[in-house]
Amino acid sequence: MRFSSSWVWREGPWVALWLLAIELDSTAKPFPKGRDLSRFVKWPKYIRLQRQRKVIMTRLKVPPALAQFQKTMDKNQAVELMRLLTKYQPETKAQKTERLEALARAKEAGQEASSPPPGPVIKYGLKHVTNLIEDNEAKLVVIASDVDPIELVVWMPALCRKLKIPYCIVKNKSRLGALVHQKNATCLALTAVSPEDEAQLRNLQETCMAKFNDNKDAFRKWGGGIMGLKTQKRLELRRIALEKELAKKNAARY
């Protein structure tokens, strides 16, 4: 019985042990096909850390300043926001190189070459966005929910609320990074849009003000404190036992 090494590697170490058992014992039972072996695979360390972090953030009581990052924008509104931000992506390095080369060729030919004035684009970078918020130039601020360490942006919602600048929290910092041709981005800001998109920006500002800036539960409600299924079952059985004991005491008293 022959198996490809890629299949053995994909299925995990338990398959390798089973194949070794077949080599040593010809009476071994055939391996059941279609069985999910993901439970027995030793996952990479970064995946285990992600899962452990998610579990501990669910079990422990999370203060409001951190819990607000678990309440992200709705999917439909996030799609509308991403559609607007896509229109104002900054130019890539290749586009900038091509533009500068075209200007250089025009100057060599003796023509009057001048690049058009830059239009409104997305602003990114933690310090840059912070300065735009403090100067009251940002029209809309977008913050990623999975920034690590979260202390980098944990103060930004409070600053936006104080200066009455609409902000929103969206999932996935890599999605924000893709908009500005980076691997990740902690936050983005829009300072201006073209006249045809002003109505869409105004609607997004009103939505963000209602859901994030003016929503007191979003930054005052604690998060976490959700126990596992086994703990919930044990607490339920303990509550039932206490109720039965209390009922017996009341019956004996009267």
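Start by selecting Tyr167: with a relative accessibility of 1%, under the 20% cut-off, this residue counts as buried. Keep in mind as you click around that this is a predicted model. Now add Phe212, which also counts as buried, at 3% relative accessibility. Show both side chains as sticks. A search of the whole structure turns up 1 aromatic pair, and you're looking at it: Tyr167 and Phe212 sit 5.7 Å apart, centre to centre, in a tilted arrangement with 50 degrees between the planes. The pair ties together distant parts of the chain, since Tyr167 belongs to strand β4 and Phe212 to helix α10, 45 residues away.

Next stop, helix α5, residues 75-86. Put a distance on its end C-alpha atoms and you should get 16 Å; that agrees with the 16 Å expected for 12 residues at 1.5 Å a residue. Colour Ala78, Leu81, Met82, Leu84 and Leu85, the buried residues of α5. Then look down the helix axis: these buried residues fall within an arc of 160 degrees, so they line one face of α5. The background is simple: an α-helix has 3.6 residues a turn, so residues three or four places apart point the same way. Swing round to the other side of α5 and you'll find Asn76 and Arg83 exposed.

What do the buried residues of α5 pack against? Select β3 (140-144), β4 (167-170), α9 (173-179), β5 (187-190) and α10 (198-213), and you have the partners. Two of those, β4 and α10, are the elements that hold Tyr167 and Phe212.

Stay with β5 and pick Cys187, which is in that strand. Buried or exposed? Cys187 counts as buried, at 1% relative accessibility. Show its surroundings: leaving aside residues up to four places away in sequence, Cys187 touches Lys123, Tyr124, Gly125, Leu126, Val129, Val142, Ile143 and Met156. Try a C-alpha distance from Cys187 to His128 as well; it comes to 9.8 Å, although the two are 59 residues apart along the chain.

Move on to Thr191, in the loop between β5 and α10. At 19% relative accessibility, Thr191 counts as buried because the cut-off is 20%. With residues up to four places away in sequence left out, its contacts are Lys123, Leu132, Glu137, Ala138 and Lys139. Lys123 is also one of the residues touched by Cys187.

Now for some backbone oddities. Most residues other than glycine have a negative phi, and most peptide bonds are trans. Go to the loop between β3 and α8 (156-163), where Pro149 lies. The peptide bond from Asp148 to Pro149 is cis, with omega near 0 degrees. For a positive phi, select Asn136, at about 60 degrees although it is not a glycine; you'll find Asn136 in the loop between α7 (126-134) and β3. Lys164 has a positive phi too, near 60 degrees. It lies in the loop between α8 and β4, and counts as exposed at 67% relative accessibility.

Two arginines are worth a click. The charged end of Arg51 sits over the ring of Trp43, 5.0 Å from its centre. Arg161 lies over the face of Phe219, with 3.9 Å to the ring centre.

Finally, zoom out. The protein has 12 helices and 6 strands, and 28% of its 254 residues count as buried. Turn on a surface and you're seeing about 18200 Å² exposed, with carbon and sulfur atoms supplying 56% of it.

Notes. Residues numbered from 1 in each chain as written. Predicted model: local features only at pLDDT ≥ 70, side-chain atom pairs only at ≥ 80, totals over all residues. Heavy atoms only, no water. Helix = DSSP H or I, 4+ residues; strand = E, 2+ residues; numbered from the N terminus. Expected span 1.5 Å × (residues − 1). Buried < 20%, exposed > 50% of the residue type's maximum accessible area, 1.4 Å probe, protein only. Arc of directions from axis to C-beta. Contact = heavy atoms within 4.5 Å. Phe/Tyr/Trp six-rings, centres within 6.5 Å; stacked < 30°, edge-to-face > 60°. Lys NZ or Arg CZ within 6 Å of the ring centre and 35° of its normal. Areas by Shrake-Rupley, 256 points an atom, 1.4 Å probe, with all protein chains shown as cover.
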